[in-house]
Amino acid sequence: MNNLFQFLYKQLHWIVFILLETICFVLLFSYNNYQSSVYLSTANRMTARLLKGKHKVTTYLGLVEQNQALAEQNALLQQHIVELEAMVAAHHLDSLSAVEAVSRIHRAGYQVSPAQVIDKSINKVDNYLTLDRGTADGVAPDMGVMGVDGVVGIVYKCTEHYSLVMPLLNSNSSISCKVLGGDHFGYLRWQGGDPRYAMLHDLPRYSAVEPGDTIVTSGSSSFFPEGVMVGIAQEAYPSADGLYVTLKVQLSTQFANLEHAFVMRKMDAEELAALQELLKPKNKKR
Amino acid sequence: MERILTRIAWFVGLALVQVLLLNNICLFGLATPFIYIYFILAIDRDTDRNALMAMAFALGLLVDVFSNTPGVNAGASVLVAFFRPGLLRLFAPREEFENFEPGISVMGVWPFVRYVTVAVLLHHSALFLLEAFSFAHIGFLSLRILCSTLLTVLLVMSIEFIRHKR
């Protein structure tokens, strides 16, 4: 008997080994399906708490991708807005001719795609932005660029994967604007200095602008559709000859922390023709 | 006492690194390092075999709990702990040492590399086979085992060199 115990003691490591491996296999088989493995899995409260902490860190590391996804979603929504506005406009124009309705759509016929501002300056006389989209992504010179809050500028030059944007904050930039709800056009220029303000020139004096009025794009150029936010009127100065007023406009786009931009691609002739074809039967019905 | 605390620190530290960091690594879709095995490899030689197996089981199970693979890491770790005395006898046959912690300072670089490689290969083979539980994709499985072994050995050696320098 003593011998047997001694033998067993000598071979104890075998017994322990087989015992432990057996436990492992039992675990392996019995916890194979997810539901029963709650206690020995990530759903356990202790482990979940630790993993949650880890998740907090990793989500922070993944912010770039997250932002990218959100920007893309925003672009999609922006495009929906533009499209819906066009549709609403078309439905409101019952009394007007079909031709005019089509021209409204025409103006709203923009495709919006997101881009990241990867480089920018705001403190020079001629500032430029760099976007991470280029000709390969369908961006071309003379496309309008808007940010989340309003107009940013116009695409100036493109390489395959990047493009240079001439923002409002450039002495050569000139964008046709109007007061929301009014019909009188002026052009917006920046004269350097404070990147928060620009001047809207050549508004007729009788257009009765008041501080606090909203300034939007006029839609008379192909860069932007009508009604894209530009800024808020601050002060009006009469011009030397007294015929015009110059407005100091507080720009809605915060150029200092601009991260996301949307390039507005005007749909080309074929696309427009297709769109007009789509509209014709609807208007005939009326 | 200090020794026990150091051991506990290594145990917890390696488990955390494994769970939080390395479990998420899958280099080229092939290689996942399992660094926690370093605890089993570098513990002093005269540690009781049964105690070591128990520790290996606990460590493996801890990692398992966090990776939703109950039994897989534990089984592989116990296997390595069981074969460790034999491996040590094979690669560090010097009997003049009373007790030692396997490492490059005691064993020399190449014997230690060989010891680690064989142990890790054993561990990873068991681990990946238990995980897959089939020989269906044996080619891909072997590639995974080899790549992971390479990565783990590299990591173990880096830790060892850092400790040795100090």
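This is a short tour of a barrel in chain A and of the place where chain B meets chain A, in a model that is predicted.

**Stop one: the barrel.** Start with chain A and color the strands from β6 to β11. They form a closed, six-stranded barrel in the order β6-β7-β8-β11-β10-β9, with antiparallel pairing. Going from one strand to the next, the twist averages 40 degrees.

**Stop two: one seam of the barrel.** Now select residues 197–204 and 244–251 of chain A, which are strands β8 and β11. These two run antiparallel, and six bridges hold the pair together. For a single rung, pick A:Leu203: its bridge partner in β11(A) is A:Val245.

**Stop three: where the chains meet.** Bring chain B into view and select whatever touches across the boundary. You should get 22 residues of chain B against 21 of chain A. Together the chains bury about 2,100 Å², with 79% of that on carbon and sulfur atoms. Show B:Phe66, B:Pro70 and B:Phe82 as sticks: this trio supplies 27% of the area chain B buries against chain A, more than any other three residues.

How many salt bridges are there between chain B and chain A? Zero. Polar contacts do turn up, in two residue pairs, both at pLDDT 80 or more.

**Stop four: the chain B side.** Select α1 (2–21), α3 (49–67) and α4 (72–91) of chain B; each gives at least two residues to the side that touches chain A. The largest share, eight residues, comes from α3(B). Color that side of chain B by residue class and you'll find 16 nonpolar, five polar and one charged.

Note on methods: Residues numbered from 1 in each chain as written. Chains lettered and ligands numbered in written order. Predicted model: local features only at pLDDT ≥ 70, side-chain atom pairs only at ≥ 80, totals over all residues. Heavy atoms only, no water. Pairing = 2+ DSSP bridges. Helix = DSSP H or I, 4+ residues; strand = E, 2+ residues; numbered from the N terminus. Axes fitted to C-alpha atoms, helices over the stretch in contact; angles between N-to-C directions. Contact = heavy atoms within 4.5 Å. Buried area = accessible area lost by both parts, 1.4 Å probe. Salt bridge = Lys/Arg side-chain N within 4 Å of Asp/Glu carboxyl O. Polar contact = N/O pair within 3.5 Å; in protein donor to acceptor, adjacent residues only side chain to side chain. Nonpolar A, V, L, I, M, F, W, Y, C, P; charged D, E, K, R; others polar.
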